[in-house]
Amino acid sequence: MATQIVMDHTGDTRHQFDPSDAAGVAEAEARFKELTGAGFTAAVRTGRGQSKVVAKFDPAAEETLFIPRLKGG
Amino acid sequence: MLHHRSYSQPRWARVLDDYCLSPLESEERGQDLLRQWLSPEQVEQYDKYQHFEVVGCDTGTRYRILRGKIMNIVELTADGRVTRRWCFAPEGTLATGDVMLAQKIALETFELNALAIANHDGRQGSVFPSRSFLDIDEPVWLVLGFACFSTLVWSFFYIVF
């Protein structure tokens, strides 16, 4: 199972999908496009403590984190 | 497609659940998420000192991310002195752990872009202490506050009686 984690006021909301399920992948891809289109940054965990920012949906990514748009504090 | 809080609840109940989550629960979830994405060394630092260090991907600069949401990023010199404080965070009301994780990922993967939108205090000289008066621990402030309060009370009784 792959997980999309969206940061929000509850801490985070998680959406899981089966990479072998076409319908689930399509829904996950739509969510990816919707969130990144709204200004979220998508990051994929690549190792322990390591991550990379991705611009394209990767159904093989185990965990994708969505970070709201950054602003100066 | 599964949702981690879907279970057998109807949608309205999930929405209600989300909005009824106490700030404490949100903070706990944020801390859990942060720890899942930190390296073992960063977790160790965080457990010991309530901060952890990251290295900027573009400049190699070391930053210390303190537990907090505002002006909680400290830029360090090679010898560990504080040179500047940075402040940027995700939009919206997020848990402290979420904010710190966003800051870590930003500095480690798109440092200069993140700093371009960040606010900061002025660059400090090389003699700037790594621990300013603003870093005084909360208990010390409590003791100072109690001392001031006691002095005021004592002065009041001294003047009145």
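What radius of gyration does chain A have, and what would a compact globule with 73 residues have? Chain A has 12 Å, which agrees with the value near 11 Å for a compact globule of 73 residues. Please keep in mind throughout that this is a predicted model.

**View 1. Chain A holds one helix and six strands.** Follow chain A along its sequence and you will meet the pattern β-β-α-β-β-β-β. The C-alpha trace of chain A spans about 40 × 25 × 25 Å along its principal axes. Of the 73 residues in this chain, 27% count as buried. Among the contacts of chain A with a separation of 6 or more, 45% are between residues 24 or more positions apart.

**View 2. Strand 5 of chain A pairs with strand 1 and with strand 3.** Strand 5 of chain A covers residues 63–67, and four of its five residues are buried. Strand 1 (residues 2–8) of chain A runs parallel to strand 5 of chain A, and four bridges link the two. To find this pairing, look for A:Q4, whose bridge partner in strand 5 is A:T64. Strand 3 (residues 41–47) of chain A is antiparallel to strand 5 of chain A, again with four bridges. Here A:A43 is the residue to look for, as it stands opposite A:L65.

**View 3. Chain A and chain B meet along a shared interface.** On this interface, 36 residues of chain B are in contact with 26 residues of chain A. Several elements of chain B each supply at least two residues to the side that touches chain A: strand 1 (2–3), helix 2 (23–37), helix 3 (40–49), strand 5 (82–90), helix 4 (96–109) and helix 5 (111–117). Sorted by class, that side of chain B has 22 nonpolar, 10 polar and four charged residues.

**View 4. Strand pairing crosses from chain A to chain B.** Strand 6 (residues 70–72) of chain A and strand 5 of chain B run antiparallel, joined by three bridges. A handy landmark is A:K71, whose bridge partner in strand 5 of chain B is B:A89.

**View 5. B:T109 in helix 4 of chain B touches residues of both chains.** Is B:T109 buried or partly exposed? B:T109 counts as partly exposed because it has 19 C-beta neighbours inside 10 Å, while a buried residue needs 20 or more. Not counting residues up to four places away in sequence, B:T109 touches A:A43, A:S51, A:K52 and A:V53 in chain A, along with B:C57 in chain B. B:D58 lies 51 residues from B:T109 along the chain, yet 8.1 Å separate their C-alpha atoms.

**View 6. The largest nonpolar core has 37 residues.** Four residues touch the most other members of this core: A:I67, B:L101, B:A102 and B:A114. Helix 4 of chain B gives the core its largest share, seven residues. Try centring on B:L101: leaving aside neighbours within four places in sequence, this residue is in contact with B:L33, B:L34 and B:W37.

**View 7. Chain B is assigned two domains.** Domain 1 of chain B takes in residues 23–130, and domain 2 takes in residues 135–161. The centres of these two domains, taken over C-alpha atoms, are separated by 35 Å.

Definitions and conventions: Residues numbered from 1 in each chain as written. Chains lettered and ligands numbered in written order. Predicted model: local features only at pLDDT ≥ 70, side-chain atom pairs only at ≥ 80, totals over all residues. Contact = placed C-beta atoms within 7 Å. Nonpolar A, V, L, I, M, F, W, Y, C, P; charged D, E, K, R; others polar. Pairing = 2+ DSSP bridges. Buried ≥ 20, exposed ≤ 12 C-beta atoms within 10 Å, placed from the backbone. Domains from an automatic or database assignment. Rg over C-alpha atoms; globule rule 2.2 N^0.38 Å. Core = buried A, V, L, I, M, F, W, Y, C linked by C-beta atoms within 7 Å.
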